[in-house]
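Reader: Several terms are applied to this model, and I should like to know what stands behind each of them. Please set the values against the criteria.

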Amino acid sequence: MLAVAIAGPLLLIAALGVALAAFGQWRDRKIERIFAATRIPGARAHAPCMLRVFGLECPAVALATDDELLLHPLFGNVRRIPLAHIALQRETPGTGRSGWRGKRMFHLACPEESLLVLGFDDPAPWREVFRPNPGKEAPA
């Protein structure tokens, strides 16, 4: 009886660990497929990222063309935002939860998506995409 009382919770913990590992592998494969499917020749920047909108977070793939930012989240619909509508509010280091750790976070202002934050491992191409232009102000 004691063996069952000990083995039951241990099996549950093991099952949860296996489920989390399986989800992580599925997530990584799905992001790789989205990244490969969204490749466009001549894009200004293209990379996997973390996406936060209204406090909801998920992995995504971001693609910047000459005039548009396309966000392909793991969950939800593709978002298309004209670059003319986007203003960089600030850039910060990513800390905290594992999805954001080590990334550079770009806090963006745009009328289409309130409280938009993107996190990238390599921020250099995205600094160029979100570089403030003279005369371009943050949308109200």
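Author: Two strands are said to pair if DSSP finds at least two bridges between them. The strands themselves are DSSP runs of at least two residues, numbered from the N terminus. The model to which these criteria are applied is a predicted one.

Reader: What makes E6 and E7 a pair of strands, and in which sense do they run?

Author: Strand E6 (residues 104-109) and E7 are joined by five bridges in the antiparallel sense. The criterion asks for at least two bridges, so E6 and E7 count as paired. Together they form a hairpin with six residues between them. Within the turn, Leu115 has a positive phi of about 55°.

Reader: Which strand besides E6 pairs with E7, and how do you know?

Author: Strand E1 (residues 45-53) pairs with E7 in the antiparallel sense over three bridges. With at least two bridges required, E1 and E7 therefore qualify as well. Gly119 in E7 illustrates both pairings: Met50 stands opposite Gly119, and Met105 also stands opposite Gly119.

Reader: What is the order of the strands in the sheet, and why are two of them called edge strands?

Author: The sheet is open and has seven strands in the order E4-E3-E2-E1-E7-E6-E5, with antiparallel pairing. Strand E4 (79-82) and E5 are the edge strands, as each pairs on one side only. On average, neighbouring strands of this sheet are turned by 30° against each other, direction ignored. Elsewhere in the order, strand E2 (residues 56-64) and strand E3 (residues 68-73) pair in the antiparallel sense over five bridges, and Ala60 has Pro73 in E3 as its bridge partner.

Reader: Why is strand E7 described as mostly covered?

Author: A residue is buried when its relative accessible area is under 20%. In E7 (residues 116-120), five of the five residues are buried. In a regular strand the side chains alternate between the two faces of the sheet. Both faces of E7 are covered, with Leu116, Leu118 and Phe120 buried on one side and Val117 and Gly119 buried on the other.

Reader: What makes the aromatic pair of Phe120 and Trp126 stacked, tilted or edge-to-face?

Author: Ring centres must lie within 6.5 Å to pair, and planes under 30 degrees apart count as stacked. By this rule the count comes to six aromatic pairs. For Phe120 and Trp126 the centres are 4.2 Å apart and the planes make an angle of 10°, so the pair is stacked. Phe120 and Trp126 are both buried. They belong to one aromatic cluster with Phe106 and Phe130.

Reader: How do you know that Arg104 and Glu91 form a salt bridge?

Author: The criterion is a side-chain nitrogen of Lys or Arg within 4 Å of a carboxyl oxygen of Asp or Glu. Between Arg104 and Glu91 the N to O value is 3.0 Å, so the pair qualifies. Arg104 lies in strand E6 and Glu91 in strand E5 (residues 87-93), so the salt bridge ties together parts that are 13 residues apart in sequence. Arg104 has 26% relative accessibility and counts as partly exposed; Glu91, at 24%, also counts as partly exposed. Salt bridges that share partners join Glu91, Arg104 and Arg127 into one network.

Reader: How many salt bridges meet the rule in total?

Author: The count comes to eight salt bridges. Among them is Arg27 with Asp28, whose closest N and O atoms are 3.4 Å apart. Arg27 is partly exposed at 30% relative accessible area, and Asp28 is partly exposed at 39%. Another of the salt bridges joins the side chains of Glu57 and Arg52 at 3.0 Å, N to O. Glu57 is partly exposed, with a relative accessible area of 27%.

Reader: Why is Ile6 buried, partly exposed or exposed by the definition?

Author: Exposed requires over 50% and buried under 20%, with partly exposed in between. Ile6 has a relative accessible area of 46%, so it is partly exposed. Ile6 is found in helix H1 (residues 2-37). With Leu2, Leu10 and Ile13 it forms a nonpolar patch on the surface, the accessible area together being about 440 Å².

Notes:
Residues are numbered from 1 along each chain as its sequence is written. This is a predicted model: local features need pLDDT of at least 70, side-chain atom pairs count only at pLDDT 80 or more; totals for chains, interfaces and linings use all residues. Side-chain values use heavy atoms; hydrogens and water are left out. Rings of Phe, Tyr and Trp (its six-membered ring) pair if their centres lie within 6.5 Å; planes under 30 degrees apart count as stacked, over 60 as edge-to-face and the rest as tilted. Buried means under 20% relative accessible area, exposed over 50%, partly exposed in between (1.4 Å probe, protein chains only). Patches are made of residues with over 30% relative accessible area and no salt bridge: like charges are joined within 9 Å, nonpolar side chains (Val, Leu, Ile, Met, Phe, Trp, Tyr) within 5 Å. Accessible areas come from the Shrake-Rupley method with a 1.4 Å probe; for residues, only the protein chains shown count as cover. Helices (H or I, at least four residues) and strands (E, at least two) are DSSP runs, numbered from the N terminus. Axes are lines fitted to C-alpha atoms, for helices over the stretch in contact, and angles run from 0 to 180 degrees between N-to-C directions.
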